[in-house]
Amino acid sequence: MNFSEVFKLSNLLCKFSPDGKYLASCVQYRLVVRDASTLQILQLYTCLDQIQHIEWSADSLFILCALYRRGLVQVWSLEQPDWHCKIDEGSAGLVASCWSPDGRHILNTTEFHLRITVWSLCTKSVSYIKYPKACQQGITFTRDGRYLALAERRDCRDHVSIFVCSDWQLLRYKILLYSLDGRLLSTYCAYEWSLGIKSVAWSPSSQFLAVGSYDGKVRVLNHVTWKLLAELGHPAAVSSPSTVVYREAEKSPPLALGRLAFPPPRAPASPRASTESKYEIAAVPASLRTLKPTTDRANPRMGIGALAFSPDNYFLATRSDSIPSAVWIWDVRKLRLFVVLEQLSAVRSFRWDPRQPRLAICTGGSQVYLWSPAGCMSVQVPGEGDFQVLSLCWHPSRDSLALLSKDHFCLCFLEAEEGVGTALGQQDDHT
C-alpha cells in the first residue's frame, strides 16, 4: 500500500470528477484541479471569497464553487480555462447550490428557503421555483434527468411536486388545443397540485369537449372560448328526484309447485357469468357501491376512466373508477344527470350506437346491457359454456353488435321493431 504526499485542504472540500479523471480540492479561496492519477496540478482558479461548497457537472466539464457568505456561485470550465461564470443572488442570499443532470443548469436555494433559482449557462435564462421545504435531500432527479422531485411547504402542509426539467414548470396533466395550422388555441388545466386529466372526449358536433379528471369530475368546455360550461360530479349517492336509477338484480329461478325450495349448490367457478339478470328502478336517494382507491400505488383506481357522447350530442356517458359498477348518463342539453345504471359487476366497456342514442354495456359476464331513452334491458348471450363479454363494438350501419371474449367473439343482432337483442350465429375464435 502506497501513499501520496499530503496536500493542504480547507473545509473537507475534495471531490473526484464523475469520469474519474480529475480531483478537485480547495484551499481557502483557491480551487485546485489535479490529474487523478498523477496528482499533477492542471488548473488553479481563484475565487472572490472563501469556498464553502464545490460540485462537478455530470459530464466533468464544469465545476461550481459556492460562496455562501457572499451569496455567489462561480463556475469554471476545464475545456476553456479562460471562461468563467459568476452568479450573484444578491440580497436573497444563498444556502445551497447544485447542478441539474444535464450539467448546464444550476439550482440555487436562497436564504430562508424562499425560492429556488434555476440559472441556464446556455441561454442565460432564469426560472424560479417557490416554496422549497427546509430539509435534507429535499431535491432529487430521475435517472434520465427529465424530472425533478421537490419537497415543498405550502399552506402549512408538506407536498412533493414534480417539475419538468426541460422548462422547469410543474408537471401537470393538462390539455393543449391546437388549430389545424399549428396555432395553440388554448390550454386547460382543471386544478393544480394533484393528479389531473385522465380522459377526454369530443362531442360529434365538436361543440363540446368533455374532460374527465382524477378528482371524479367531468368538465365540459365550449368550442368558442374554451371556457368551462359545467362541472359534473360523481358522488356516491344520487339524490336528485329527476334522476332515474336502474339497478341490476339477479332473476329468481321459477319454483315448482308442491316442492320445497332449497338453496342451489354453489357453482364451482364464475357463478355471475351464467346468471340471468334484470333491471329494477331504485328509490331516490340511492347509494352506490364505492371502491376505496389505493393511493400508495401507481395508477390508483379513481377519477373518470371513460366517457363518450351519443351520436346526436344529446347524452354523455361516464364511468368513475371509484364507483366502477355504475354508468352515469347526462343530459347534455340541460347539463344535468339523467340516468344512472348500477351493475352487479364492474363495467368493462360501453359503446354508443353510431346511428341513434342507444348505449351497450358489458361487465365481463354473459350478458350485454342496452339503454336508450325508452328504458334499459339485460340480454343473455346464448351458447354452450360461459361466454364472458369483455368488450364490444357496433356495426357502423346495421343493428348488430360484435361481442368479444378472451378467445371468441359472436354477433348480436337487434330486432328493429322491438329493440330486443338476441345473440345469433356461431362463436368464432379470434384470428
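Lys133 sits in the loop between β12 (126-130) and β13 (139-141). Strands here are DSSP runs of E with at least two residues, and helices are runs of H or I with at least four, numbered from the N terminus. This is a predicted model: local features need pLDDT of at least 70, side-chain atom pairs count only at pLDDT 80 or more, and totals for chains, interfaces and linings use all residues. Residues are numbered from 1 along each chain as its sequence is written, and side-chain values use heavy atoms, with hydrogens and water left out.

**Around Lys133**

Lys133 is partly exposed, at 26% relative accessibility. The classes are: buried under 20% relative accessible area, exposed over 50%, partly exposed in between (1.4 Å probe, protein chains only). Lys133 touches His113, Ala151, Glu152, Arg153 and Asp158, leaving aside residues up to four places away in sequence. Contact means heavy atoms within 4.5 Å. The C-alpha atoms of Lys133 and Leu114 are 8.8 Å apart, with their positions 19 residues apart along the chain.

**Salt bridges**

The whole structure holds 18 salt bridges. Each needs a side-chain nitrogen of Lys or Arg within 4 Å of a carboxyl oxygen of Asp or Glu. Three of them are tabulated here.

| Acidic residue | Basic residue | Closest N to O |
|---|---|---|
| Asp158 | Lys133 | 3.4 Å |
| Asp158 | Arg153 | 2.7 Å |
| Glu231 | Lys217 | 3.4 Å |

What does the pairing of Asp158 with Lys133 tie together? Asp158 lies in strand β15 and Lys133 in the loop between β12 and β13, so the pair joins parts 25 residues apart in sequence. Asp158 is partly exposed, with a relative accessible area of 47%. Its other listed partner, Arg153, is partly exposed at 41%.

Glu231 and Lys217 also meet in a salt bridge. That pair links distant parts of the chain: Glu231 in strand β22 (residues 228-233) and Lys217 in strand β21 (residues 217-222), 14 residues apart. Glu231 is partly exposed at 41% relative accessible area. Lys217 is partly exposed at 30%. Salt bridges with shared partners join Asp215, Lys217, Arg219 and Glu231 into one network.

**Aromatic pairs**

A ring pair is described by the distance of the centres and the angle of the planes. Rings of Phe, Tyr and Trp (its six-membered ring) pair if their centres lie within 6.5 Å; planes under 30 degrees apart are stacked, over 60 edge-to-face, the rest tilted. The count comes to 14 aromatic pairs. Tyr45 and Trp76 are stacked, at 4.8 Å centre to centre and 25 degrees between the planes. Tyr45 is in strand β4 (residues 41-46) and Trp76 in strand β7 (residues 72-77), 31 residues apart. Tyr45 is buried at 3% relative accessible area. Trp76 is buried at 8%.

Phe338 and Trp371 are edge-to-face: 6.4 Å centre to centre, 80 degrees between the planes. Phe338 lies in strand β30 (residues 336-342) and Trp371 in strand β33 (residues 367-372), so the pair ties together parts 33 residues apart in sequence. Buried or partly exposed: which is Phe338? Phe338 is partly exposed at 22% relative accessible area. Trp371 is buried at 1%. Ring pairs link Phe315, Phe338, Trp352 and Trp371 into a cluster.
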